[in-house]
Amino acid sequence: MDRDKLIEILFEKAKAYNIEEVEVYINKDSSIDFNIYEGKLEKYVVAEEENLSLRGIYKGKMGYSYTEKLMEYSLDELINNLIQYAENNHSDEVEKMSSSILESKKTAGRENLLGNFTEGDKIGYLLDLEKRAYDYDKRVKTIDDCSYQEKIQEVYIRNTKGLEVEDRHTIGIISLSAVAEEGNNMQTGYSNYVFNELSEKYKEKLIEDSVGDAIGMLGAKAIKSGNYEIILRNNVAADMFSYFSPIFLGSTVQKNLSLMKGKLGSKVAVDFFNIVENPLMENGKYYRTFDDEGTATYSKYIIENGILKTFLHNNKTAEKDGAKSTGNGFRISHKSSIGVMSTNMYIEEGDKSLDDMVKSMENGVIITDIHGLHAGINLTSGDFSLSSNGLLVENGKVIRPLSQITMAGNLYTMLKDIKYIGNDIKFSYSRSYFGAPSIYLGILTISGK
């Protein structure tokens with residue numbers, strides 16, 4: 001049955017069940033996933049799914065339901081499930097649906113540049129990437145991950161308050177992992193990139209970051225425990241801030257789980273520190289012109305010149321704070337209710353290269369890899385203690401690789417001790433999609449031998 005006709009029938013049925021306001025959310029996800037191993041295409045998977053989620057207000061409470069069967073016979077069950085959810089919803093906070101956002105500035109969708117390449121082009125790109133990675137150094141033993149993912153997401157929202165919006169975006173993700181061996185020592189390096197077009201420059205960066213790390217860490221050993229000046233390399237800074245990013249969500253703040261609470265308009269970092277959240281970033285993992293509540297999205301500073309400017313909100317958290325939604329009301333999946341989520345967040349670049357920062361360091365460590373984020377980070381206090389790898393720096397020169405060390409500190413203190421910010425931004429999605437350049441910190445404690 002035609003989608004619009006199916007929705008009309010659904011709205012009529014909902015009205016007959018005395019549901020006051022109704023909203024349909026339809027998401028369609030398509031993906032291509034393949035990988036190369038030792039010069040051969042190892043797997044190739046094409047998948048597609050379409051789901052419908054329904055939410056509506058019944059007797060003053062919001063109810064949710066969903067179905068993978070977009071058929072007329074499933075509509076009564078869909079509505080009954082919504083009613084049951086609403087009857088068991090004991091929250092005092094009432095969600096509100098958005099009205100039409102036609103008055104908002106219209107933003108053009110992002111062009112799918114990956115559509116200009118054939119499947120053969122994409123497979124050939126990955127084959128060449130693996131070959132170059134093996135040719136990079138004779139100590140490369142194995143390329144254990146050389147994979148390509150391409151995802152297309154389509155979202156359609158329509159409700160009985162006049163809202164009707166539709167969006168579509170495409171991204172690609174390439175991952176490369178290398179194992180290097182020398183004598184009895186073996187090290188691994190890993191990197192990935194999100195992109196919207198195939199480019200030769202990504203091959204060079206992927207190999208440099210993954211194979212280069214594996215080679216560079218050969219012979220690594222611990223260092224004497226002590227206090228050292230620290231540079232967080234871009235990938236490490238991105239991983240850390242990705243994991244800490246929920247401290248800027250209105251939902252986290254309102255649960256008293258973020259020490260950023262009560263600091264809006266206050267200085268929380270050095271003057272030259274800025275964090276941006278941009279749902280419309282050209283090469284971002286996400287590209288959404290509206291959120292899952294139909295609120296128009298926009299680029300915004302979370303921290304600007306060291307001052308906390310805003311938290312990220314959906315309709316419910318914004319109303320509780322007496323603010324406006326920032327367009328960050330999203331679902332984790334079609335089965336979930338609407339929460340608060342970030343899209344593409346990043347720390348703005350500074351004017352220092354990593355090499356320049358290293359040259360200014362007398363006695364310190366470049367942290368090149370961290371492990372155990374889940375166990376080693378206290379999101380509420382900001383404390384962290386992370387198993388790390390790195391490079392020892394003396395008198396502005398890299399001396400040797402380091403392993404089996406632990407870096408400890410506190411995020412909130414760290415933000416006020418930053419000396420320099422690099423110009424080499426890289427993105428991570430260990431928890432959320434977050435980009436950061438290399439960051440030269442003050443003194444942190446390193447535990448070693």
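**Exercise 1. Locate the N-terminal annotated domain and describe its make-up.**

Solution. UniProt, in an unreviewed entry, places "domain: Metalloprotease TldD/E N-terminal" at residues 22-84. UniProt positions follow the numbering used here, feature names are shortened, and annotations may be inferred rather than shown by experiment. Residues are numbered from 1 along each chain as its sequence is written. The model is predicted: local features need pLDDT of at least 70, side-chain atom pairs count only at pLDDT 80 or more, totals for chains, interfaces and linings use all residues, and side-chain values use heavy atoms, with hydrogens and water left out.

Next, the composition. Residues 22-84 are 16% helix and 67% strand. Helices (H or I, at least four residues) and strands (E, at least two) are DSSP runs, numbered from the N terminus. The end C-alpha atoms of this span are 15 Å apart.

**Exercise 2. Do the same for the central annotated domain.**

Solution. The unreviewed UniProt entry gives "domain: Metalloprotease TldD/E central" for residues 118-192. That span is 23% helix and 63% strand. Its end C-alpha atoms lie 21 Å apart.

**Exercise 3. Characterise helix α1: its length, its start, its buried residues and what follows.**

Solution. Begin with length. Helix α1 covers residues 3-16, which is 14 residues. From first to last C-alpha it reaches 20 Å, close to the expected 20 Å at 1.5 Å a residue. The expected span is 1.5 Å times one less than the number of residues.

Now the start. A side-chain oxygen of Asp2 comes to within 3.1 Å of the backbone nitrogen of Asp4. A polar contact is a pair of N or O atoms within 3.5 Å; within protein, one must be able to donate a hydrogen and the other to accept it, and residues adjacent in sequence count only if both atoms are side-chain atoms.

Then burial. Leu6, Ile7, Ile9, Leu10, Phe11 and Ala14 of α1 are buried. Buried means under 20% relative accessible area, exposed over 50%, partly exposed in between (1.4 Å probe, protein chains only). An α-helix has 3.6 residues a turn, so residues three or four places apart point the same way. The cover over the buried residues of α1 includes β1 (21-37), β2 (40-58), α2 (75-87) and β4 (140-159). Contact means heavy atoms within 4.5 Å.

Last, the residue after the helix. Asn18 follows α1 and has a positive phi, near 65°. Most residues other than glycine have a negative phi.

**Exercise 4. Order the strands of the antiparallel sheet and place the helices that pack on it.**

Solution. The sheet is open, has six strands and runs β3-β2-β1-β4-β5-β6, with antiparallel pairing. Two strands pair if DSSP finds at least two bridges between them. β3 (61-67) and β6 (185-195) are the edge strands; each has a single partner, so one side of each lacks a neighbour in the sheet. From one strand to the next the twist averages 20°.

Take one pair. β1 and β2 are antiparallel over 17 bridges. Asn27 has Asn51 in β2 as its bridge partner.

Add the helices. α2 packs on the sheet and touches β2 and β3, with its direction at about 145° to that of β3. Helix α4 (residues 200-216) lies across β4, β5 (164-182) and β6, at about 155° to β6. Axes are lines fitted to C-alpha atoms, for helices over the stretch in contact, and angles run from 0 to 180 degrees between N-to-C directions.

**Exercise 5. Order the strands of the mixed sheet.**

Solution. This open sheet of six strands has the order β10-β9-β8-β13-β19-β18, with mixed pairing. β10 (307-308) and β18 (426-428) stand at the edges; each has a single partner strand, so one side of each is without a neighbour in the sheet. β13 (residues 344-347) and β19 (residues 433-436) pair in the parallel sense over three bridges. Tyr346 is bridged to Gly435 in β19.

**Exercise 6. Place Gly39, Asn305, Asn395 and Thr297, and classify each as buried, partly exposed or exposed.**

Solution. Work through the loops in turn.

- Gly39 sits in the loop between β1 and β2. It is partly exposed, at 44% relative accessible area. Beyond its neighbours within four places in sequence, Gly39 contacts Leu127 and Glu130.
- Asn305 lies in the loop between β9 (300-304) and β10. Its phi is positive, about 50°, although it is not a glycine. Asn305 is partly exposed, at 44%.
- Asn395 lies in the loop between β15 (383-394) and β16 (397-410). Its phi is also positive, about 50°. Asn395 is exposed, at 66%.
- Thr297 is in the loop between β8 (275-277) and β9. Thr297 counts as buried, at 7% relative accessibility. Its side chain reaches the backbone oxygen of Arg288 at 2.5 Å.
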